[in-house]
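Work through the exercises below with the sequence and the model open. Try each task before reading its solution.

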Amino acid sequence: MSVSDTEAAVTVLAGLAILAGLAGVVVPGLPALPLCWGGVLVWALFGGAGAGRWAVLAAATLVAAGGTVIKYAWPGRNLKRTGVPTSSLLAGGLLGLVGFFVIPVVGLVLGFVLGVWIAERLRLGDSRLAWPSTKQAVKAVGLSMLVEFGAGLVVATLWVAGLLLT
């Protein structure tokens with residue numbers, strides 16, 4: 001494999017996109033599953049792999065689309081059942097984003113928890129009632145991230161299998 005080999009360059013680019021997508025689960029602004037899927041798409045279109053590349057792309061498309069739907073539907077259903085409003089999640093998300101820049105990485109989590117707690121404290125009027133809602137919101141976000149990361153890992157595994165088998 002030479003450095004000027006286009007197929008090798010496309011494969012490396014696809015791998016980097018998939019890695020960036022996996023990192024995007026926790027880094028704000030990086031679209032995790034679209035980056036993972038995009039890496040597989042670039043590899044399938046320009047990588048020169050065998051005919052199996054289309055099966056890999058189709059499977060990756062199904063996993064990425066399914067993961068995207070599940071990452072919103074499953075935690076959202078749990079939050080609706082427990083009564084945590086979307087406005088509290090938005091407050092947590094905004095404060096988490098601010099916290100990410102104030103205290104890199106750790107500030108994202110701290111800001112989210114604080115934002116949800118403040119919104120729930122204002123909504124419910126009692127700090128003792130705000131904490132259970134905050135815990136439910138944190139669990140939902142954790143579940144969403146876990147689903148997204150799992151789907152990204154499956155897409156990455158499909159791509160690696162495509163590299164080895166096609």
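**Exercise 1. A salt bridge between R128 and D126**

Task: Find how far apart the closest N and O atoms of R128 and D126 are, then classify each residue by accessibility.

Solution. This is a predicted model. Start with the pair.
- Step 1. R128 and D126 form a salt bridge, with 3.1 Å between the closest N and O atoms. The cut-off is 4 Å, so the pair qualifies.
- Step 2. R128 has a relative accessibility of 68%. Exposed means over 50%, so R128 is exposed.
- Step 3. D126 has a relative accessible area of 22%. That value lies between the buried limit of 20% and the exposed limit of 50%, so D126 is partly exposed.

**Exercise 2. The other salt bridges**

Task: How many salt bridges does a search of the whole structure find? Place the partners of E148 and E120 in their helices.

Solution.
- Step 1. The search returns 3 salt bridges.
- Step 2. E148 pairs with K71, and their closest N and O atoms are 2.9 Å apart. The pair links distant parts of the chain: E148 sits in helix α6 (residues 127-165), K71 in helix α3 (residues 52-82), and their positions lie 77 residues apart in sequence.
- Step 3. Check the cover on this pair. E148 is buried, at 10% relative accessibility. K71 is buried too, at 13%.
- Step 4. E120 pairs with R123, with the closest N and O atoms 2.7 Å apart. Both belong to helix α5 (residues 106-124); because they are 3 residues apart there, about one helical turn separates them.
- Step 5. Check the cover again. E120 is buried at 0% relative accessibility. R123 is partly exposed at 42%.

**Exercise 3. Around S133**

Task: Is S133 buried or exposed? Which residues is S133 in contact with, leaving aside neighbours within four places in sequence?

Solution.
- Step 1. Locate S133: it is in helix α6.
- Step 2. The relative accessibility of S133 is 10%. Buried means under 20%, so S133 is buried.
- Step 3. With neighbours within four places in sequence left aside, S133 is in contact with V84, E120, R123 and L124. Two names return here: E120 and R123 form a salt bridge with each other.

**Exercise 4. Nonpolar cores**

Task: Which members of the largest nonpolar core touch the most other members? Which helix gives the most to this core?

Solution.
- Step 1. The largest nonpolar core has 14 residues. I18, C36, V40, W43, V155 and W159 touch the most other members.
- Step 2. Assign helices. At least two residues of this core come from each of α1 (6-23), α2 (32-46), α3 and α6. Helix α2 gives the most, with 4 residues.
- Step 3. Another core lies apart from this one. It has 6 residues, including L79, V84, F112 and A140.
- Step 4. Return to C36. Leaving aside neighbours within four places in sequence, C36 is in contact with A17, I18, G21, L22, G152 and V155.

**Exercise 5. The overall fold**

Task: How many helices and strands are in the protein chain? Is the chain a compact globule or more spread out?

Solution.
- Step 1. The chain has 6 helices and 0 strands. Along the sequence the pattern reads α-α-α-α-α-α.
- Step 2. Compare radii. The radius of gyration is 19 Å, while the globule rule gives 15 Å for 166 residues. The value is well over the rule, so the chain is more spread out than a compact globule.
- Step 3. Add the extents. The C-alpha trace spans about 65 × 35 × 15 Å along its principal axes.
- Step 4. Look at burial and surface. Of the 166 residues, 34% count as buried. The accessible surface comes to about 9300 Å², and 76% of it belongs to carbon and sulfur atoms.
- Step 5. Take contacts between residues at least 6 apart in sequence: 58% join residues at least 24 apart.

**Exercise 6. Confidence**

Task: Where is confidence lowest and where is it highest in the protein chain?

Solution.
- Step 1. The chain averages a pLDDT of 89, and 98% of the residues score at least 70.
- Step 2. Confidence is lowest in helix α4 (residues 86-102), at a mean of 88. It is highest in α2, at 95.

Methods
Residues numbered from 1 in each chain as written. Predicted model: local features only at pLDDT ≥ 70, side-chain atom pairs only at ≥ 80, totals over all residues. Heavy atoms only, no water. Salt bridge = Lys/Arg side-chain N within 4 Å of Asp/Glu carboxyl O. Buried < 20%, exposed > 50% of the residue type's maximum accessible area, 1.4 Å probe, protein only. Core = buried A, V, L, I, M, F, W, Y, C linked by side-chain atoms within 4.5 Å. Contact = heavy atoms within 4.5 Å. pLDDT = per-residue confidence, 0-100. Rg over C-alpha atoms; globule rule 2.2 N^0.38 Å. Areas by Shrake-Rupley, 256 points an atom, 1.4 Å probe, with all protein chains shown as cover.
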